[in-house]
Amino acid sequence: MDEVGAGHALEKLFALAVVTHRYMEAGLAARGLSRARASVLWNLHHGGPMTQRALAAAIGVTPRNVTGLVDALEGDGFVARAPHPRDRRATLVDLTDRGRDTVGGLNVEYGEGAARLFDGLPETQLAGFVATVDHLLERVARETC
């Protein structure tokens with residue numbers, strides 16, 4: 001196989017995706033979370049309290065799916081539902097103290113992991129890596145599966 005060709009680069013990209021996926025899944029599982037459940041917490045952390053409909057749109061699932069995710073997260077004490085202050089037909093979902101602590105811990109680990117992973121990489125190589133990934137993300141976004 002060509003050691004510097006596009007095929008080799010794609011092979012390395014897939015290998016990196018597998019390893020990072022396993023790493024992420026293990027960290028989430030240690031907290032009793034799936035990627036989907038963590039996505040709900042992350043969106044609430046960044047967006048504040050929101051309706052289940054808004055959550056469904058934010059994470060790209062159906063309202064029925066988000067109901068199951070919120071039910072599970074509420075049952076485990078990560079989120080709480082409360083009446084919407086201006087729309088009596090709606091319910092807001094918000095992080096509990098446990099949810100905030102969990103997202104805070106994930107945030108710290110994210111930063112520490114990034115520092116470990118990219119430690120010693122010159123700024124020019126890091127900038128080149130980011131530019132390459134941005135290019136790939138743009139290309140993949142234009143593809144249809």
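This report looks at the ring contacts and the largest pocket of a predicted model.

**Ring contacts**

Let's start with the aromatic side chains. The count comes to one aromatic pair. Its partners are phenylalanine 118 and phenylalanine 129, whose ring centres are 5.7 Å apart, with 50° between the planes, so the pair is classed as tilted. Phenylalanine 118 belongs to helix H5 (residues 97-118) and phenylalanine 129 to helix H6 (residues 123-142), so the contact ties together parts that are eleven residues apart in sequence.

Are these two rings buried or exposed? Phenylalanine 118 is partly exposed, at 29% relative accessibility, and phenylalanine 129 is partly exposed too, at 35%.

| Residue | Relative accessible area |
|---|---|
| Phenylalanine 118 | 29% |
| Phenylalanine 129 | 35% |

There is also a charge over a ring to look at: arginine 98 lies over the face of phenylalanine 78, at 4.2 Å from the ring centre.

**The largest pocket**

Now to the empty space. The largest pocket has a volume of about 1,600 Å³, and 38 residues line it. Which of these lie nearest its centre? They are Thr20, His21, Tyr23, Met24 and Tyr110.

Four helices, H1 (6-29), H2 (35-47), H5 and H6, each supply at least two residues of the lining. H1 gives the most, with 16 residues. H5 and H6, which contribute to this lining, are also the helices that hold the two paired phenylalanines.

As for chemistry, the lining of the largest pocket has 23 nonpolar residues, along with eight polar and seven charged ones.

Conventions
Residues numbered from 1 in each chain as written. Predicted model: local features only at pLDDT ≥ 70, side-chain atom pairs only at ≥ 80, totals over all residues. Heavy atoms only, no water. Phe/Tyr/Trp six-rings, centres within 6.5 Å; stacked < 30°, edge-to-face > 60°. Buried < 20%, exposed > 50% of the residue type's maximum accessible area, 1.4 Å probe, protein only. Lys NZ or Arg CZ within 6 Å of the ring centre and 35° of its normal. 1 Å grid on protein atoms, 1.4 Å probe; cavity = no way out; pocket = protein on both sides within 12 Å on 5 of 7 lines; lining within 4 Å. Points joined across faces, edges and corners; volume = space filled by probe spheres on them. Nonpolar A, V, L, I, M, F, W, Y, C, P; charged D, E, K, R; others polar.
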